[in-house]
Amino acid sequence: MSEQLEDQIALCISQRRNLEAILNSVTDGILAIDRRSYVVNLNQAAQEITGLSQKDAVGRVCSEVLQRIDGEAECVLARALEEEEVLQNCEVDIVRPDGSVRTLLVTVHSLQDELGSALGVVATLKDQTELRALQTALN
């Protein structure tokens, strides 16, 4: 292997580690799905919100990771992908594997290649569970 190729590989590995550190420093959950609605990546906050580790979430269909409490089978990320729309602060209640419920504000944006073709979507997940509980307690 040439020295130049080895340097490029080392740079790619370093950039990936830096990107992972950046994503894991964000307090909101970040979750990405591919064009078939399979989870391809999620940060530490998304793991805490969903109750699933990276190992358990990656490769699963979005609706299994963000299982809705209302029984609706369609994942909001998959819907945004299908309809090629941006979702802003869509409220969704999910059930975690331990049975607890989380209220999320979900914002979804498309991921595209250099030609503009859809590769999937990325979502930010803002956990609103405690805020909703406080609002309920005050009313």
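**A sheet, its helices and the core between them**

In this predicted model, the largest nonpolar core has 27 residues, and those that touch the most other members are Leu 31, Ile 33, Leu 66, Leu 77, Val 106, Val 108 and Leu 125. Several elements contribute to this core, since S1, S2, helix H2 (44–50), H4, H5, S3, S4 and S5 each supply at least two residues. The helix that gives the most to the core is H5, with five residues.

The strands are a convenient place to begin. Five of them form an open sheet in the order S2-S1-S5-S4-S3, and their pairing is antiparallel. S2 and S3 stand at the edges with a single partner strand each, so one side of each is left without a neighbour in the sheet. On average, and with direction ignored, neighbouring strands of this sheet are turned by 30° against each other.

Strand S1 (29–34) can be followed through its two pairings. With S2 it pairs in the antiparallel sense over three bridges, and with S5 it pairs, again in the antiparallel sense, over six bridges. Ile 33 takes part in both directions, for it stands opposite Val 39 in S2, while its bridge partner in S5 is Val 121. Ile 33 is also listed among the core residues that touch the most other members, as is Leu 31. When residues up to four places away in sequence are not counted, Leu 31 touches Val 39, Asn 41, Leu 42, Val 65, Leu 77, Val 121, Val 122, Ala 123 and Leu 125.

Val 39 lies in strand S2, which spans residues 39–42. Is this residue buried or exposed? Its relative accessibility is 2%, and because buried means under 20%, Val 39 counts as buried. Leaving aside neighbours within four places in sequence, Val 39 is in contact with Leu 31, Ala 32 and Ile 33, and also with Ala 57, Val 58, Gly 59, Arg 60, Cys 62 and Val 65. Of these, Cys 62 is 23 residues from Val 39 along the chain, yet the C-alpha atoms of the two are separated by 5.8 Å.

Between S1 and S2 comes the loop that holds Ser 37. Most residues other than glycine have a negative phi. Ser 37, although not a glycine, has a positive phi of about 75°, and it takes this value in a hairpin with four residues between the strands. The relative accessibility of Ser 37 is 14%, and therefore this loop residue counts as buried.

At the other edge of the sheet, strand S3 (residues 87–95) contains Asn 89, which also has a positive phi, of about 50°, without being a glycine. Because its relative accessibility is 44%, Asn 89 counts as partly exposed. The backbone nitrogen of Asn 89 lies 3.2 Å from a polar atom of the side chain of Thr 107, and Thr 107 belongs to strand S4, residues 101–112. Thr 107 itself is buried, with a relative accessible area of 9%. Apart from neighbours within four places in sequence, Thr 107 is in contact with Leu 87, Gln 88 and Asn 89, as well as with Val 122, Ala 123 and Thr 124.

The helices can now be placed against the strands. H5 lies across S1, S3, S4 and S5, and it runs at about 145° to S3. Helix H6 (residues 129–138) packs on the sheet as well, where it touches S3, S4 and S5, and its direction makes about 140° with that of S4. Within H5, which comprises residues 76–83, the buried residues are Val 76, Leu 77, Ala 78, Ala 80 and Leu 81. What covers these buried residues includes S1, helix H4 (62–65), S3, S4 and strand S5 (118–127). After H5 comes Glu 84, whose phi is positive, near 50°.

Helix H2, one of the contributors to the core, also contains Gln 47. With a relative accessible area of 14%, Gln 47 is buried. Not counting residues up to four places away in sequence, Gln 47 touches Leu 42, Leu 52, Ser 53 and Gln 54.

Definitions and conventions. Residues are numbered from 1 along each chain as its sequence is written. This is a predicted model: local features need pLDDT of at least 70, side-chain atom pairs count only at pLDDT 80 or more; totals for chains, interfaces and linings use all residues. Side-chain values use heavy atoms; hydrogens and water are left out. Buried means under 20% relative accessible area, exposed over 50%, partly exposed in between (1.4 Å probe, protein chains only). Contact means heavy atoms within 4.5 Å. A polar contact is a pair of N or O atoms within 3.5 Å; within protein, one must be able to donate a hydrogen and the other to accept it, and residues adjacent in sequence count only if both atoms are side-chain atoms. Two strands pair if DSSP finds at least two bridges between them. Axes are lines fitted to C-alpha atoms, for helices over the stretch in contact, and angles run from 0 to 180 degrees between N-to-C directions. A nonpolar core is a set of buried Ala, Val, Leu, Ile, Met, Phe, Trp, Tyr and Cys residues joined through side-chain atoms within 4.5 Å.
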